[in-house]
Amino acid sequence: MTKKDGRTADVILASSATSRDLFYATKVRVPDPILFFRVSGRKYLVASDLEIGRMREQATVHHVLPLTKFRKRLVKAGNANPSVTDIAIAVLTEKRIRTARVPHDFPVFTADRFRRAGIRVRPTEAPFWPERTTKSTGEIEAIRAAAILTGEAIEAGIDLIRRSKPVRGLLRRDGKPLTSERVRLEIDRALMERGLRGENTIVAGGEDGVDPHNVGSGPLKSGYPVILDVFPESQASGYHADISRTVFRGRPSKRQREMWDAVLEAQALGCEMTKPGVAGKTIHAAIQKVFRDRGFETGPVNGKMQGFFHGTGHGLGLDVHEPPFFSASAAPLEPGMVITIEPGLYYPGVGGIRIEDDVAVTKDGHDNLVPLEKTFVV
C-alpha cells in the first residue's frame, strides 16, 4: 500500500462500558466514548485528562494519546468546540489512516463524518474480534467464577419458593401470595451481594413460563413449574454466566413429571455430546429426537408455538448471547468455546420447563462450569 493510499486500521469509537468489543481490546471500562484503533499490530487509545493516567496504567494497549493535544490543535484551527468525532478524525488523519474497519453497529452519523473527511469506512460482520469465539483459560475461569456465584443466587430464589405453601391455587409465603417480583428481588439481591449485576432475571410460572423470554409477573400459581433463568455480568471480570433451573412446589402432574424427565435427559445428552469436531446442529437434532421419541411434539397450536421451539444454546462470554450460535450450524465446535446447553418444553395449561448449563469445549470433551444441582420438586 502506498503512502498516498494510507493505512487500514481497526477502529472503535464508543464507551467501553457498553461496547464489549472495546472492552475486550482494552480491558478497561470508560463511561464516555473514546477512540480506539489498531494499526500495524499496535493498539492505541485517545484519552481525556480525566482518564489518561488510568488508561496508561490499566489499558491493554501500546499507546495512550492525549485527547487534549488534538482538541487544542482543532481549537487553534478555528473549531471552537470540537466533538469526539472531530478529534477522532484528526487523530486518524495524523496517523495516515485512510480505511477504518469498524464494528457492524458503528454509528451511521460518525461513519458519514469519516467519509466526508476522506476516511473510508468498512463495516465488519460480527464478531469484530473473531478470537472472542474461543476463550483463554483465564476467560473460562472467569465464566466459571460467575457461574458458581450465580448458582448461589438461584439457590436463594429456590429456597424462597421451597418455603412457600400452595394455598387455593397460589404459592403463599408469610401470609401473602409469593410473586415473581419477590423471587426476582431475592435473586438479584443475592447477585449484587456477590459482585454480579442481574438484568431481566426470569422468574416465570403459570402461563408466563410457556413463553421462554417472559420475565414473569404477579403471583406464582400453584400447580405450575417455575422457570428461573439468570444471566448476570460479573462486575470484576465483565464475563457472564447464564443458568436456568425449573422447580415445582407441591406435587406435579404425571405430564409435568414426564416433561421434566425429558428435558433432563435431553440436557444431559447435549452436554455429553459437546466436544471438538461435533457440529452444533447435530447436538440440536439429537435433542429434538429425544423429545419426539418421548412423545413431545413441537409446532403451532391455535397460532401459538409449543414444544421445543428455540435453539439448544449459544455462545457465552462478555455478551450473554454471542457467537457461536450453533443450533443450526454445521461448523464444528472448537476447544475454548463456551456455550450454553438449554433445551426446554412449553405447553399451555401445563407450563414450561427449561434446564441450562454453561459448558466449555475442551481438547478432549467438555467441562460443565455450573455446579448447581438440578432438582424439580422442592
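## A tour of the chain and its two main pockets

Start with the whole chain in cartoon view: there are nine helices and 21 strands to find. Keep in mind that this is a predicted model. Zoom out and orient along the principal axes, and the C-alpha atoms fill a box of roughly 75 × 45 × 40 Å.

Now switch on the surface. The chain exposes about 17,100 Å², and carbon and sulfur atoms supply 52% of that area. Color by burial next: of the 378 residues, 51% are buried. If you draw contacts with a separation of 6 or more, 63% of them join residues 24 or more positions apart.

Time for the pockets. The largest one has a volume of about 380 Å³. Which residues should you select to land at its centre? Of the 23 lining residues, Asp21, His104, Asp105, Arg132 and Asp319 are the closest to that point. Then highlight β1 (7-14) and α1 (20-26), since each supplies at least two residues of this lining. β1 gives the largest share, with three residues. Color the lining by residue class and you'll get 12 nonpolar, five polar and six charged.

Next stop, the second largest pocket, which holds about 300 Å³ of space. Select His213, Asp229, His314, His321 and Glu342: out of 16 lining residues, these sit closest to the centre. How does this lining divide by class? Here you'll see four nonpolar, seven polar and five charged residues.

Technical notes:
Residues numbered from 1 in each chain as written. Predicted model: local features only at pLDDT ≥ 70, side-chain atom pairs only at ≥ 80, totals over all residues. Heavy atoms only, no water. 1 Å grid on protein atoms, 1.4 Å probe; cavity = no way out; pocket = protein on both sides within 12 Å on 5 of 7 lines; lining within 4 Å. Points joined across faces, edges and corners; volume = space filled by probe spheres on them. Helix = DSSP H or I, 4+ residues; strand = E, 2+ residues; numbered from the N terminus. Nonpolar A, V, L, I, M, F, W, Y, C, P; charged D, E, K, R; others polar. Buried < 20%, exposed > 50% of the residue type's maximum accessible area, 1.4 Å probe, protein only. Contact = heavy atoms within 4.5 Å. Areas by Shrake-Rupley, 256 points an atom, 1.4 Å probe, with all protein chains shown as cover.
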